[in-house]
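Could you walk me through this structure in my viewer, one selection at a time? I would like to know what to pick at each stop and what is there.

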Protein chains: 2
Amino acid sequence: MRTNLQLVLRVRPEGRVSLDHFEVREQPIAPLSDGQVLIETLYLSIDPTNRIWMSDRPQYMPPVAIGEVMRGLGLGQVIESRHPDYQPGDLVSGLLGWQQLALWEASSLRPLQKLPRHLDVPLTAFLGTLGLTGGLTAYFGMMSIGQPKPGDTVLVSAAAGSVGSLAGQLAKRAGSRVIGIAGSADKCQYVTEELGFDACINYAQENVAAALDRICPEGISVLFENVGGEQLEAALHRLRIFARVVLCGLISSYNDVELSGPRNFDMLLHRRATLQGFIVSDFASRFPEALAELVPLVRSGALKYRQHIVQGLTHAPAAVNMLFDGKNHGKLLLQVAASVER
Amino acid sequence: MRTNLQLVLRVRPEGRVSLDHFEVREQPIAPLSDGQVLIETLYLSIDPTNRIWMSDRPQYMPPVAIGEVMRGLGLGQVIESRHPDYQPGDLVSGLLGWQQLALWEASSLRPLQKLPRHLDVPLTAFLGTLGLTGGLTAYFGMMSIGQPKPGDTVLVSAAAGSVGSLAGQLAKRAGSRVIGIAGSADKCQYVTEELGFDACINYAQENVAAALDRICPEGISVLFENVGGEQLEAALHRLRIFARVVLCGLISSYNDVELSGPRNFDMLLHRRATLQGFIVSDFASRFPEALAELVPLVRSGALKYRQHIVQGLTHAPAAVNMLFDGKNHGKLLLQVAASVER
């Protein structure tokens, strides 16, 4: 009988997360019933939203319950199937969870997406440039909500991250001036020299408000917000009239016990801004449209990307902290299976 | 020679405003030059935005400068004219300022709107149901941004006020369920019994969050926000997915020295809300459309309204405080001329 290794939420973290908040559980897998599929987890996507799901604050999905396997988006390979639509060897993506083996059945209602067998992009692109928490989020946030145009000044926070890096490149392709914010000189160099942003503010070195006054005295037409906190306040203060604010994430607050909002929230009124919060799954019916745009750009190398891979399931909590510390360089993935074959 | 009485901003208030922040200046009026019009102020509209204009925080217009006549929207009558478009006796509205006599010339760029001579609505309707800070704000905020539909639950703060009372009635006419928030039992009774809202929460008596749980457990589809602070937080917590937030005003913060935003700002993300700030003048090109809708409703009495008139120019600062204390019942006006003839 196979044994599964799982990270089960044991206690809700207040502040930073650690392995202590989880039970590392070995769980035997019973023989499959009709309709079930057994999937080996290859990679997990490590995202700020993992941290949201650990809290019992109101949020866009139910929080992970105490005693449940931690929720996580992943790529896997079918190793056994009693469902006609899936064959051993099939590559799939879905909410596989923080576990080595995921048992799926259609009645669970969790969508499981089969990946094409022959597509000349790297497998991990399906968690990155073509993934939910990467390219698809960037695409719908920037193109549907932000709607950058020539003449616009677009500000992207977490600009070296999995979403920001793509969101900014899409805005450049739309003809806008694009400014990034990132947390190190190395990241800023990557953002300007490799990704082609017009400028990048290193918030670890320079006051963001002062830098914005220097770099875009004309103000901000489109704000693609991933961070919140003082960076958001600096940006709100400098919105142009009728600015658009794409509210994609607020990572600076996800570890907070006491919530806070931008103190100058009133600038949304004075500048007559339109702010829209979104979750990529709201756009599920339009994923084919986005992929039709993105796949050729990924194939041709027109969209630049980098990924950062951490090894081993039990390092998942530490990997989440890397996002909060800005320690990852590009899309953060956890490789779960010892060897990943395709 | 005529003498003008003016309230000139002397020092910026921190917190509440008083007459001490103004110089009461008697100013002789020189004989008119070509192109000038002299207007006697009949009524001034007392609005939360008067308080915004006194602060030097970033805002949607330049703040009133120290030494300038306080800015204010008013109704007046032309008493002398050397401009071909205006004749003595003409009734006008515009930014007349906190003064008995306003000298206007086309080169000042301040728009001056001539009122129709024969329109069977009361003169003060042009600062109320048909005015910028009354009906027009309510109309564009609710109908263009809020877009209430049958099945929607619409929440309106400051529901007994000049904008909220009309915004809620417009949402009722659109077939939505409409809930108000107001600051006294008397106001709540007015809101439900006279204005026809489905319910009204008396925030002076009941915790707004608990009341919302009781009155609209289904959540809020459209939030018409005039207040901010804890009322806004209670509403954000209860937004439905894809809710629309009409950001019209944030009166609870206009006296604050230290700014603050809603602590649960993140709910805009989780509920994928769209928030839009607006100022009525953004819609100036569409005023005729709004008036075509509103005038018949005012004439027929279908839109209910009440006004609260305070006498005397030097009471303007105290009148502004009435807005913050919820002491006004309906649209707050200051009658400036001793007798108002038409």
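**Stop one: the domains of chain A**

Start by colouring chain A by its domain assignment: domain 1 covers 3–128 + 305–335, and domain 2 covers 132–281. Keep in mind as you go that this is a predicted model. If you place a marker at the C-alpha centre of domain 1 of chain A and another at that of domain 2 of chain A, the two will sit 28 Å apart.

**Stop two: where the domains touch**

Now select the contact between them, with 20 residues on the domain 1 side and 15 residues on the domain 2 side of chain A. Stay with the domain 1 side and highlight helix 1 (48–54) and helix 9 (316–325) of chain A, each of which supplies at least two residues there. Helix 1 of chain A gives the largest share of that side, 4 residues. Colour the domain 1 side by class and you will find 8 nonpolar, 7 polar and 5 charged residues.

**Stop three: chain A against chain B**

Next, bring chain B into view and select the contact between the chains: chain A puts in 29 residues, and chain B puts in 29 residues. On the chain A side, pick out helix 7 (267–270) and strand 13 (274–277), the elements that give two or more residues. By class, this side of chain A holds 14 nonpolar, 10 polar and 5 charged residues.

**Last stop: a strand pair across the chains**

Zoom in on strand 13 of chain A and strand 13 (residues 274–277) of chain B, which run antiparallel and are joined by 3 bridges. Finish by clicking on Gln276(A): opposite this residue, in strand 13 of chain B, stands Thr274(B).

Conventions:
Residues are numbered from 1 along each chain as its sequence is written. Chains are lettered from A and ligands numbered from 1 in the order in which they are written. This is a predicted model: local features need pLDDT of at least 70, side-chain atom pairs count only at pLDDT 80 or more; totals for chains, interfaces and linings use all residues. Domain bounds come from an automatic or database domain assignment. Two residues are in contact if their C-beta atoms, placed from the backbone, lie within 7 Å. Ala, Val, Leu, Ile, Met, Phe, Trp, Tyr, Cys and Pro count as nonpolar, Asp, Glu, Lys and Arg as charged, and the others, Gly among them, as polar. Two strands pair if DSSP finds at least two bridges between them.
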